[in-house]
Amino acid sequence: MPQDSFGREINYLRISLTDHCNLRCVYCMPLRGLTFVPGDEVLTASEIEQVAKAAAKVGFNKIRLTGGEPLLRKDAVEIVDRLQKIEGITDLGMTTNAILLPDLAQPLFDAGLRRINIHIDTLDPARLKRVMRFGTFEQIWSGIEAADEAGFAPIKLNSVVVRDYNEEDVVDLARLALERNWHVRFIELMPLGGGECARLSLSQYVPNPETKERIETELGQLREIPPTSPSDESRNFRFGQGAGVVGFISPVSDPYCGTCNRMRLTADGKFHLCLLNDHEVDLKPALRNGGGGKAIGDLLAQAVAQKPTGHRLDEGVSTQRRAMFQIGG
Ligand code: SAM
Ligand code: SF4
């Protein structure tokens with residue numbers, strides 16, 4: 001397994017399939033001034049497969065497909081099919097806003113996808129419209145039900161907590177983990193991209209200890225579950241009688257950089273070395289000029305070696321050149 005210069009074992013590749021999205025969450029994607037990667041610069045299914053094969057060869061075993069919205073790719077099911085066949089990849093997941101899952105949940109499951117994380121910020125239709133902007137609660141809920149029916153288990157729901165938008169709604173979301181065998185996880189806002197989304201992420205930030213307290217006040221005490229893996233970014237809890245799990249992902253109030261095991265690949269073929277920094281290693285010339293698996297493997301090793309030790313949000317430093325939809329979370 002590749003180790004970075006701080007001894008961290010990097011075995012998890014997050015692949016962004018596209019920087020387009022059918023939603024416009026207030027902290028992720030601005031409404032105006034958007035520019036997208038030109039179509040011919042986006043990695044093809046075959047190029048993504050080449051990178052995944054090279055990664056598996058050096059010891060990566062976990063891949064997550066993300067975006068933008070990964071299901072906007074017409075070949076999303078084909079990509080799942082190609083990647084799940086790669087020897088050494090034992091854990092293939094996807095993060096999606098679920099809008100297209102009513103049609104795609106079953107084909108994705110049949111192609112071999114087993115892990116799905118669905119992003120929903122509130123169960124209140126009016127407030128969901130305000131925070132996620134283009135989608136509706138009904139669409140996302142239908143997508144969650146489709147994933148459940150297709151056999152994905154456990155379903156993981158991710159909610160970003162935003163002051164004055166949905167911070168009260170964490171209670172209704174957490175209640176789902178009392179009733180269902182789902183994982184409901186709360187994510188702290190991170191300021192990426194330097195624009196209006198970054199500014200909102202700073203001004204509307206809610207620390208997860210506050211969210212946890214709000215949930216416990218309404219629904220009872222949460223008991224921590226020992227982590228199954230040191231690199232799990234979520235601290236997980238259960239209610240005494242709960243069927244599911246409540247998780248807290250706290251990159252700002254409780255950074256987990258010391259156990260980071262991730263490398264990220266952008267839709268335009270760059271290894272992005274740390275979510276909250278600008279460092280990148282460009283892979284596309286090697287992919288497009290016939291460098292082959294060895295050249296890709298060498299660049300991946302270079303990217304792992306150059307991974308920064310951690311983020312510097314407390315010094316006001318974050319990724320400037322890309323917003324979240326251009327990296328994938
Ligand atoms: N479109 C898919 C989705 O929303 O799940 C996948 C891509 S989205 C960029 C991945 C994750 O990033 C989502 O769970 C989203 O909530 C989270 N995210 C986006 N912007 C964020 C921000 N500024 N701070 C924290 N999380 C953010
Ligand atoms: Fe789209 Fe996901 Fe960003 Fe929302 S968080 S705008 S769904 S990419």
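This passage describes aromatic pairs, charges over rings, one buried asparagine and the surroundings of one ligand in a predicted model.

A search of the whole structure gave six aromatic pairs. In one of them, the ring centres of Phe 109 and Phe 152 lie 5.2 Å apart and the ring planes meet at 85 degrees. Because planes over 60 degrees apart count as edge-to-face, the pair of Phe 109 and Phe 152 is assigned to that class. The two residues come from distant parts of the chain, 43 residues apart. Phe 109 belongs to helix H3 (residues 101–110), while Phe 152 is placed in the loop between helix H5 (137–150) and strand S5 (156–160). Relative accessibility is 17% for Phe 109 and 1% for Phe 152. Since buried means under 20% relative accessible area, Phe 109 counts as buried, and Phe 152 also counts as buried.

An edge-to-face arrangement is also found for Phe 237 and Phe 248, with 5.6 Å from centre to centre and 75 degrees between the planes. This pair links strand S8 (residues 234–239), which holds Phe 237, to strand S9 (residues 245–249), which holds Phe 248. The separation in sequence is 11 residues. Both Phe 237 and Phe 248 are buried. Elsewhere, one aromatic cluster is made up of Phe 137, Trp 141 and Trp 182.

Charged side chains were also found over aromatic rings. Lys 62 lies over the face of Tyr 12, at 4.3 Å from the ring centre. For Arg 130, which lies over the face of Tyr 165, the corresponding value is 4.0 Å.

Strand S5 contains Asn 158. The relative accessible area of Asn 158 is 7%, so this residue is classed as buried. A polar contact of 3.0 Å joins the side chain of Asn 158 to the side chain of Arg 185. When neighbours within four places in sequence are left aside, Arg 185 is also listed among the contacts of Asn 158, together with Thr 95, Asn 117, Ile 118, His 119, Ile 120, Asp 121 and Ile 187.

His 119 appears again in the shell around ligand 2. The other residues around this ligand are Cys 21, Leu 23, Arg 24, Cys 25, Cys 28, Met 29, Gly 68 and Asn 97. By residue class, the shell around ligand 2 consists of five nonpolar, three polar and one charged.

Methods:
Residues are numbered from 1 along each chain as its sequence is written. Chains are lettered from A and ligands numbered from 1 in the order in which they are written. This is a predicted model: local features need pLDDT of at least 70, side-chain atom pairs count only at pLDDT 80 or more; totals for chains, interfaces and linings use all residues. Side-chain values use heavy atoms; hydrogens and water are left out. Rings of Phe, Tyr and Trp (its six-membered ring) pair if their centres lie within 6.5 Å; planes under 30 degrees apart count as stacked, over 60 as edge-to-face and the rest as tilted. Helices (H or I, at least four residues) and strands (E, at least two) are DSSP runs, numbered from the N terminus. Buried means under 20% relative accessible area, exposed over 50%, partly exposed in between (1.4 Å probe, protein chains only). A charge sits over a ring if NZ of Lys or CZ of Arg is within 6 Å of the ring centre and within 35 degrees of the ring normal. A polar contact is a pair of N or O atoms within 3.5 Å; within protein, one must be able to donate a hydrogen and the other to accept it, and residues adjacent in sequence count only if both atoms are side-chain atoms. Contact means heavy atoms within 4.5 Å. A residue is near a molecule or strand if one of its heavy atoms lies within 4 Å of it. Ala, Val, Leu, Ile, Met, Phe, Trp, Tyr, Cys and Pro count as nonpolar, Asp, Glu, Lys and Arg as charged, and the others, Gly among them, as polar.
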